[in-house]
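Here's a quick briefing to read alongside the model. Have the viewer open and follow along.

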Amino acid sequence: MDVPTVAFFHPYCNAGWGGEGALVRHPGSAEQVCGHQLRGVHGGPGCHGSADPGRGEAEIQHRAPPPGAVCVPEAPAAGGAQPVPSLHFTLLGQSVGSIFLGWEALMEFVPDLYIDSMGFAFTLPLFRYLGGCSVGSYVHYPTISTDMLSVVRERNPRFNNADYVSNSLFLSAFKVVYYCLLALLYGMAGSCSDLVMVNSSWTLDHILSLWRAPNRTSVVYPPCDVSAFLDIPLEEDGDKKCHSIVSIGQFRPEKDHRLQIRAFKKVLDRGRAGPLKLVLIGGCRNQEDEDRVLMLRGLCQELGVADRVEFKLNVPFEELKRELGDATIGLHTMWNEHFGIGIVECMAAGNIILAHKSGGPKMDIVVPFEGAQTGFLADDEDSYADAVERILALPPAARLLIKKQRSAVRGSLLRSGVRSLLPRCHGASDGNA
């Protein structure tokens with residue numbers, strides 16, 4: 001009997017941050033759990049981690065796929081799956097582009113089991129009906145959600161709902177219809193999946209409302225490898241001359257680094273928190289992200305906090321670990337973050353978490369553990385500034401007690417999903433024999 005093969009579809013998996021960092025551990029986890037020799041297929045340039053000369057050896061080992069993984073290089077159609085904010089109908093364009101990209105991947109390799117871990121649900125019918133594969137989904141973030149529909153209906157300006165749209169009744173109504181049609185197609189495509197795994201309770205709620213497959217859907221938290229961060233010793237920080245607030249995340253618009261900088265400015269203006277610095281750590285995927293960093297640097301200059309804010313781009317893993325070890329507060333500001341692996345890493349390093357009061361952080365991560373507080377939540381400049389002051393006003397012993405709740409951090413494997421689909425892999429292999 002042939003060895004069953006598993007393909008994880010995740011273009012640009014070499015990004016190395018957050019979900020991409022967790023992705024590269026999925027095939028190894030599947031093989032360990034199931035006791036079978038599985039082959040994971042990663043799509044994207046430099047997907048073995050060694051393509052980026054800026055990465056150190058420790059980071060490559062921390063984020064690289066397991067030995068034996070097949071690397072499918074970047075396909076020409078990959079550009080069509082990238083978001084282009086300057087264009088209209090971005091979600092539709094991405095979805096159509098993902099179909100072409102999926103076709104090229106299918107021509108490159110036909111697996112027994114196909115798992116979309118990028119959120120490109122429109123590739124599922126392609127692999128199921130044309131490739132004859134069993135298909136599964138690991139959904140990090142729904143392509144469209146009921147929250148997105150609410151934002152447009154209520155005409156609230158956000159990064160994905162421009163001011164000129166929110167200010168126009170006609171354009172808002174048109175966008176609602178567009179989103180509803182896309183949600184219908186998205187639900188039909190997602191329902192092709194034999195098994196659906198989602199990364200958080202927040203994602204579960206949205207996928208259940210869109211794909212309507214409750215019997216095939218379950219929560220599987222991302223496999224967060226935090227062992228390196230749990231090694232960081234914890235101690236009281238009462239003798240610190242300057243407290244550090246650290247943020248981890250790609251420099252994408254939805255991460256809302258502007259809110260972090262403005263809230264930090266408000267804390268400094270109040271003058272009650274003592275010496276502080278803000279460290280923004282993250283990856284830049286392209287020129288657009290680099291331009292966004294320049295804009296954020298300009299905002300720091302405009303607000304007069306440039307000497308208190310540090311930008312660290314595409315840092316080696318050892319430097320990331322060092323910054324987290326020195327930090328007092330781990331900061332997160334994304335509205336409706338689906339899970340928040342960066343939050344988990346900060347918590348494991350012993351930072352006191354201050355996250356957005358929404359999505360996965362609110363429902364799954366910053367929740368009481370054995371009756372004890374694990375962090376703080378906020379949702380605007382004032383509440384973030386208040387929380388920072390409240391954290392730094394705590395006695396060092398009280399801060400240490402919260403930091404010790406990092407034992408709440410637990411890694412997870414794709415146990416239930418892989419075990420449920422493995423018999424289908426055997427069936428496919430027997431059929432091909």
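What follows covers a parallel sheet, two loop residues with unusual backbone angles, and the cavities.

This is a predicted model, where local features need pLDDT of at least 70 and side-chain atom pairs count only at pLDDT 80 or more, while totals for chains, interfaces and linings use all residues. Residues are numbered from 1 along each chain as its sequence is written, and side-chain values use heavy atoms, with hydrogens and water left out.

**The sheet**

- Look for an open sheet of 5 strands, paired in parallel and ordered β1-β4-β5-β6-β7; strands here are DSSP runs of E, at least two residues, numbered from the N terminus, and two of them pair if DSSP finds at least two bridges between them.
- β1 (6-9) and β7 sit at the edges with a single partner strand each, so one side of each has no neighbour in the sheet.
- On average, neighbouring strands of this sheet are turned by 20 degrees against each other, direction ignored (axes are lines fitted to C-alpha atoms, and angles run from 0 to 180 degrees between N-to-C directions).
- Strand β6 (residues 195-198) runs parallel to β7 and is joined to it by 3 bridges.
- Met197 is the residue standing opposite Ser218 in β7.

**Positive phi in loops**

- Most residues other than glycine have a negative phi.
- Arg212 has a positive phi, near 55 degrees, and lies in the loop between α9 (201-211) and β7 (217-219); helices are DSSP runs of H or I, at least four residues.
- With a relative accessible area of 66%, Arg212 is exposed (exposed is over 50%, buried under 20%, partly exposed in between, using a 1.4 Å probe and protein chains only).
- Asn314 also has a positive phi, near 50 degrees, and you'll find Asn314 in the loop between β10 (309-313) and α13 (317-326).
- Asn314 counts as partly exposed, at 35% relative accessibility.

**Cavities**

- There are 2 cavities of 30 Å³ or more; a cavity is a set of points, on a 1 Å grid over the protein atoms alone, where a 1.4 Å probe fits but cannot get out.
- The largest cavity has a volume of about 50 Å³, a volume being the space filled by probe spheres set on the points, which are joined across faces, edges and corners.
- Its lining (residues with an atom within 4 Å of a point) includes Ile245, Phe264, Leu331 and Tyr384.
- α11 (257-270) and α16 (381-393) each supply at least two lining residues of the largest cavity, and α11 gives the most, with 5.
- That lining divides into 9 nonpolar residues, 1 polar and no charged (Ala, Val, Leu, Ile, Met, Phe, Trp, Tyr, Cys and Pro count as nonpolar, Asp, Glu, Lys and Arg as charged, and the others, Gly among them, as polar).

Notes
On a 1 Å grid over the protein atoms alone, a cavity is a set of points where a 1.4 Å probe fits but cannot get out, and a pocket is an open set with protein on both sides within 12 Å along at least five of seven lines; lining residues have an atom within 4 Å of a point.
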